Amino acid sequence: MTRKVDVAVIGSGASGSVLTYELARRGASVVVLEAGAREDPTTFVHHEAAMLPRLYKSGGLQTTRDNDLAIGQGRTVGGSTVINNAIWLRAKLDRILPAWKDAGATVPKSSIEAAYEELERVLHVEPLPPDLANKGTNLFLKGCENAGVPARYLNHNRKQCTGCGWCNYGCQYNRKTSMLVTFIPWAEALGAEVLDRCDDVRIQTQGKQAKKVTCYRNGEEVTVEAGKVVVCAGAIGSSAVLLQSGIDLDQRVGKGLHVLGGALMSAEAPEPVDGFDGIGLTCVACASDSYVIETYFAPPLVFAIGMSGWFLTHFRRMMRFAYYSNAGVMVGTQPTGTVSLDKKKRVRIDLKFSKDEIAELKKGLRRLAEIYFAGGAVRVIPATYKDIAFETPDDIDQLDEKVHRPDDLLLGSGHPQGGNRMNEDPKKGVVGNDFRVHGFDNLFVADASVFPTNIWANCQATVMAMAHYAATFVAA
Ligand SMILES: Cc1cc2nc3c(=O)[nH]c(=O)nc-3n(C[C@H](O)[C@H](O)[C@H](O)COP(=O)(O)OP(=O)(O)OC[C@H]3O[C@@H](n4cnc5c(N)ncnc54)[C@H](O)[C@@H]3O)c2cc1C
Ligand code: SF4
């Protein structure tokens, strides 16, 4: 099967969907090649074990090579937006864009702000109504107030949400304005075509030209001859596609991976708070610029993974599931990670939290424990390897005794970035300020992988805004 189009887009997540729509709107013919399956949201179920393999890359078990860091990403039409928490947070551009400039990437603030505004209008972004939050949120907010830490409800992209709290496993009610139910169908209405379950996607190049994209679908080879190719397979995925296509730009592809990630903490309340009843990720505490504290809650399987303690201790804690609130502490890591291929061309991820990053994370966990005790928690438990449970604020010092290295904590991230960093110097980056891959006329990357340094915010808003901005260059 061969198709001829103006643009082939690889990946249909936050970036790929917005970009495809923007190109289709300008009259381009576009084919999207997506590795994951197209799902019918009405078949989603409130069952973690059923949904993780359907919607997550590696069934939710993607980790760094040393297994110290779990990295969640979507693998379905709509990408990670299908499984994300629908929190809409603009990056602090006055902090981020100067750092990007120092790293060799120039992005105009006005373009990103204009894109944020347009996206917020069409994706129904509004302040999260407190009545959708789970009761555990009250413990957190009371603690912030008593501890003198400013906190606020976040913005979200949901419409007439029922507050069931199952966003991380796909919204069966179509209340989250994910790409699956917004930009994808909008782009298709303008003539774009989305091919799901595309295996072994490769870009075939000749000199400075990307000539075509090939893949296998249902066992059949598919060839897309395209005037331009845009890689939007997400951080890690986009570096992998380039490397698997033999494009490594003197080993710059895959370098500079970073995450906004960290560890969870659970707080036991004196009375049941039924954390599963309502939305968990609702609020942020503005405690510091060097770590981020956000509330969270997970259904039993993922909650159990984040709960420390072994055997009977773990069992007893899980029996008190209804009494727990959750929040996470995250830091934006330095761009020191790498994506590479092993001899069998399988993807390897290497990223280690540095000593300083672990130290900041510990400061954040300490602050969060203080917040929870100030809110009335009777026990606070960080997600650590060695069992630690704080029964009083004095116990918080155990963190310093028992947490030293990355694998002393259960580290996780849903916000990988970098790997194909933007830098106008062709010797230092993978793409230039116009998202074009250095050395190519018609090959672009336009997703979270181009972020040269960490954006210190939940990523979807900025990923979409950057893709919106990238469309101008791809269409030109
Ligand atoms: C559990 C979870 C919760 C999150 N919650 C929030 C939140 O509340 N707010 C927020 O701002 N951000 C959140 N995020 C992050 C946010 O969703 C992502 O930053 C954003 O979607 C990244 O966009 P992207 O286009 O770079 O990648 P993605 O959206 O991940 O899309 C990449 C797409 O490319 C496809 N792909 C990968 N490799 C290939 C290949 N070889 N061939 C073809 N296709 C390929 C993937 O299947 C995927 O569909 C969350 C993420 C996770 C995992
Ligand atoms: S909380 Fe709202 S957006 Fe999330 S899955 Fe439930 S209905 Fe959908």
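# Pockets, cavities and ligand shells

Modeller: In this predicted model, the lining of the second largest pocket divides into 13 nonpolar, two polar and six charged residues.

Biologist: What makes a residue of that lining count as charged, and which residues lie nearest the centre of the pocket?

Modeller: Asp, Glu, Lys and Arg count as charged, so K92 belongs to that class. K92 is one of the residues nearest the centre, the others being L89, V284, V292 and W456, out of 21 that line the pocket. Val, Leu and Trp count as nonpolar, and therefore L89, V284, V292 and W456 fall in that class. The volume of this pocket is about 350 Å³.

Biologist: Which elements supply at least two residues each to that lining, and which gives the most?

Modeller: They are α3 (93-102), β13 (283-285) and β14 (292-296), and it is β14, with three residues, that gives the most.

Biologist: Turning to ligand 1, how do you know that its approach to E34 is a polar contact?

Modeller: An oxygen atom of ligand 1 is 2.6 Å from an N or O atom in the side chain of E34; the limit for a pair of N or O atoms is 3.5 Å, so the pair qualifies as a polar contact.

Biologist: Why do A14 and N84 pass the test for a polar contact?

Modeller: A polar backbone atom of A14 is 3.2 Å from an oxygen atom of ligand 1, and a polar side-chain atom of N84 also lies 3.2 Å from an oxygen atom of that ligand. Both values are within 3.5 Å, and therefore both pairs count as polar contacts. The protein covers 93% of the 1000 Å² of accessible area that ligand 1 has on its own. The elements that give two or more residues to the shell are α1 (14-25), β19 (411-419) and α12 (460-475).

Biologist: Which residues come nearest to ligand 1, and how does its shell divide by class?

Modeller: S15, E34, S80, I87 and Q460 come nearest, of the 36 residues around ligand 1, and the shell comprises 15 nonpolar, 18 polar and three charged residues.

Biologist: Where is ligand 2 found, and which residues come nearest to it?

Modeller: Ligand 2 takes the space of the largest cavity, and C161, C164, G165, C167 and C171 come nearest among the 13 residues around this ligand. The shell of ligand 2 has seven nonpolar, three polar and three charged residues.

Biologist: Why is that space called a cavity when a ligand is placed there?

Modeller: The grid is laid over the protein atoms alone, so the ligand does not fill the space in the calculation. This cavity has a volume of about 90 Å³ and a lining of 14 residues, with C164, W166, C167, C171 and Y173 nearest its centre.

Biologist: How many cavities of 30 Å³ or more does the structure hold, and what lines the second largest?

Modeller: There are four of that volume or more, and the second largest, at about 50 Å³, is lined by P41, F44, V82, C171, N174, K176, S178, L180 and V181.

Biologist: What makes the lining of the second largest cavity include a charged residue?

Modeller: Lys counts as charged, so K176 is the one charged residue of that lining, which also has six nonpolar and two polar residues.

Methods: Residues numbered from 1 in each chain as written. Chains lettered and ligands numbered in written order. Predicted model: local features only at pLDDT ≥ 70, side-chain atom pairs only at ≥ 80, totals over all residues. Heavy atoms only, no water. 1 Å grid on protein atoms, 1.4 Å probe; cavity = no way out; pocket = protein on both sides within 12 Å on 5 of 7 lines; lining within 4 Å. Points joined across faces, edges and corners; volume = space filled by probe spheres on them. Near = heavy atom within 4 Å. Polar contact = N/O pair within 3.5 Å; in protein donor to acceptor, adjacent residues only side chain to side chain. Areas by Shrake-Rupley, 256 points an atom, 1.4 Å probe, with all protein chains shown as cover. Helix = DSSP H or I, 4+ residues; strand = E, 2+ residues; numbered from the N terminus. Sits in = over half its atoms within 2 Å of the grid points.
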